[in-house]
Amino acid sequence: MNEHETKPSEHHHQAPVTEHQVDEKSQGKQWYQKWWGIVLAILFFPVFGIWYIWAKSNWKTPLKILVTAVCGIIIISWLVQIQPTTKTNTSNQNQPTPATTNSTTSESAPTTASADSKPSVPAEYTSALYQATSYANDQHMSKQSVYDQLVSQYGEKFSVAAAQYAIDNVKADWNANALFTAKSYQTNQHMSPAAIHDQLTSQYGEKFTQAEADFAIQHLND
């Protein structure tokens, strides 16, 4: 054989892959084997996506690490959003219901307090009571004499209402006043019991009642 003769090549040349063949090969893959399926799995199921890209995909390691980091960020953001919502719902459930009964009671309290409190007494009434106490206990006058002195135009000139308030509220022992006046007539003017009795009940004298004058005469010599 001639040394210059060339031997047939032992290697068979492969036919170039056409775009049509590439499309047929890619169409034969399942959705989760395609790149867009992996991206969807990562977005909606991050944990599954992390497992899949490391176990089943042919991606390079740097790309796997990058995608894993993105999945981790997505998972953390979900947890952060869920936790405040859970805390808010729990705190709303634990908040006490506004005490409607207490507010109603507190609103009605001023009305009760005002009903229980005594109405204010006019200044004229208190002044009349002060004067009545002085006439009754210091000068031992009868109730009628005190009243007349309070309303007299030549005396204290209080109104009828103020004088009546004073007589109704004055603290005095009218029997004791009659007895004190009777003994004064007996000691200082040496009057008889009958004359003293008349002086005690006279409308021009002391104006004690018949019962008060009788008490004074009965105890005149005690």
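Which helices are included in what covers the buried residues of α7? In this predicted model, the cover over the buried residues of α7 includes α6, α8 and α9, the last of these spanning residues 174-188. The residues concerned are S145, V146, Y147 and L150, which are buried in α7.

The setting for this arrangement is a protein with eleven helices and zero strands, so that the order of elements read along the sequence is α-α-α-α-α-α-α-α-α-α-α. Of its 222 residues, 21% count as buried. Among the contacts in the protein with a separation of 6 or more, 51% are accounted for by residues 24 or more positions apart. The accessible surface of the protein comes to about 16800 Å², and 57% of that surface belongs to carbon and sulfur atoms.

Helix α8, which comprises residues 160-169, can be described in a similar way, with A162, A163, A166 and I167 as its buried residues. These four residues cover an arc of only 135 degrees around the axis, which puts them on the same side of α8. An α-helix has 3.6 residues a turn, so residues three or four places apart point the same way. On the other side of α8, V160 and D168 are exposed. The cover over the buried residues of α8 includes α6 (123-138) and α7 (143-151), just as the cover over the buried residues of α7 includes α8.

Helix α7 also takes part in the one salt bridge that the structure holds. This salt bridge is formed by D148 with K207, and the closest N and O atoms of the pair are 2.7 Å apart. Because D148 lies in helix α7 and K207 in the loop between α10 and α11 (210-218), the pair ties together parts that are 59 residues apart in sequence. With a relative accessibility of 23%, D148 counts as partly exposed, and K207, at 21%, also counts as partly exposed. The loop between α10 and α11 also holds Q203, a residue that is exposed, with a relative accessible area of 54%. The C-alpha atoms of Q203 and Q144 are separated by 9.3 Å, although the two residues are 59 residues apart along the chain.

Helix α10, at residues 193-201, contains H197 as well as I196. I196 counts as buried, at 0% relative accessibility. When residues up to four places away in sequence are not counted, I196 touches A182, Y185, Q186, M191, I217 and L220. One of these, A182, is 14 residues from I196 in sequence and 6.1 Å from I196 in space, C-alpha to C-alpha. H197 is likewise buried, with a relative accessible area of 16%, a value that lies under the 20% limit for a buried residue. Leaving aside neighbours within four places in sequence, H197 is in contact with Q210, A213, D214 and I217. The side chain of H197 makes a polar contact of 2.7 Å with the side chain of D214. I217 is thus listed among the contacts of I196 and among those of H197.

Two loop residues have backbone angles that merit separate mention. Most residues other than glycine have a negative phi, and most peptide bonds are trans. In H140, however, phi is near 55 degrees, a positive value in a residue other than glycine, and H140 lies in the loop between α6 and α7. K157, although not a glycine, has a positive phi of about 60 degrees. The position of K157 is in the loop between α7 and α8, where K157 counts as exposed at 53% relative accessibility.

Finally, a nonpolar patch was identified on the surface, made by L63, L66 and V70 and with an area of about 250 Å². V70 has its place in helix α4, which runs over residues 61-94, and is partly exposed, with a relative accessible area of 40%.

How values were computed:
Residues are numbered from 1 along each chain as its sequence is written. This is a predicted model: local features need pLDDT of at least 70, side-chain atom pairs count only at pLDDT 80 or more; totals for chains, interfaces and linings use all residues. Side-chain values use heavy atoms; hydrogens and water are left out. Buried means under 20% relative accessible area, exposed over 50%, partly exposed in between (1.4 Å probe, protein chains only). Helices (H or I, at least four residues) and strands (E, at least two) are DSSP runs, numbered from the N terminus. The arc is that of the directions from the helix axis to the C-beta atoms. Contact means heavy atoms within 4.5 Å. A polar contact is a pair of N or O atoms within 3.5 Å; within protein, one must be able to donate a hydrogen and the other to accept it, and residues adjacent in sequence count only if both atoms are side-chain atoms. Patches are made of residues with over 30% relative accessible area and no salt bridge: like charges are joined within 9 Å, nonpolar side chains (Val, Leu, Ile, Met, Phe, Trp, Tyr) within 5 Å. Accessible areas come from the Shrake-Rupley method with a 1.4 Å probe; for residues, only the protein chains shown count as cover. A salt bridge is a side-chain nitrogen of Lys or Arg within 4 Å of a carboxyl oxygen of Asp or Glu.
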